[in-house]
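Hi,

Here is the structure I promised to pass on. Have a look at it first, and my notes follow underneath.

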Amino acid sequence: MSSQEIGSVALEVDASGLKCPLPILRAKKALAQIQSGEVLKVITTDTHALTDFQAFATQTGNLLLKQEEAGETLVHYLQRR
């Protein structure tokens with residue numbers, strides 16, 4: 001994960017309380033709504049989301065810019081390919 005600055009977020013998805021695979025499915029749907037190069041912010045509480053989003057980014061070719069923990073919440077920043 002790079003420590004680069006995250007630009008403006010084009011879309012935010014709150015997937016708090018949802019278990020795998022729902023946060024990934026919500027992210028996939030949201031990525032389809034934004035343009036190439038734009039950033040999606042996804043908020044999750046599922047403990048598996050950290051590795052799920054890493055695998056999702058690898059499989060889809062979207063760039064996982066950053067993941068950060070805030071208490072029980074994980075925030076993921078994906079840049080659409």
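Let me start with the helix pair, keeping in mind that this is a predicted model. On the α1 side, P23, I24, A27, K28 and L31 make contact with D52, F53 and F56 of α2. Sorted by class, the residues in this contact are 6 nonpolar and 2 charged, with no polar ones.

As for the geometry, α1 covers residues 22-31 and α2 covers residues 49-60. Their axes come within 10 Å of each other and cross at roughly 40°. An angle counts as roughly parallel only under 35 degrees, and the perpendicular range starts at 65, so α1 is oblique to α2. The crossing of the two helices, α1 and α2, is right-handed.

Now the strands. β1 (9-15) and β2 (residues 39-44) run parallel, and 6 bridges join them. If you want a pair to click on, V13 has V42 in β2 as its bridge partner. Between these strands the chain passes through α1, going from β1 to α1 to β2, and this β-α-β crossover is right-handed. So α1 turns up twice in this story: as the helix of the crossover and as the partner of α2 in the helix contact.

One more thing to check in the loop between β1 and α1, where P21 is found: which form does the peptide bond from C20 to P21 take, cis or trans? In this model the bond is cis, with omega near 10°.

That's what I have for now. Shout if anything looks odd on your screen.

Cheers

Methods:
Residues numbered from 1 in each chain as written. Predicted model: local features only at pLDDT ≥ 70, side-chain atom pairs only at ≥ 80, totals over all residues. Heavy atoms only, no water. Axes fitted to C-alpha atoms, helices over the stretch in contact; angles between N-to-C directions. Helix = DSSP H or I, 4+ residues; strand = E, 2+ residues; numbered from the N terminus. Parallel < 35°, antiparallel > 145°, perpendicular 65-115°, else oblique. Left-handed = near helix turned anticlockwise from the far one by under 90°. Contact = heavy atoms within 4.5 Å. Nonpolar A, V, L, I, M, F, W, Y, C, P; charged D, E, K, R; others polar. Pairing = 2+ DSSP bridges. Right-handed = clockwise from strand over helix to strand, strands pointing away.
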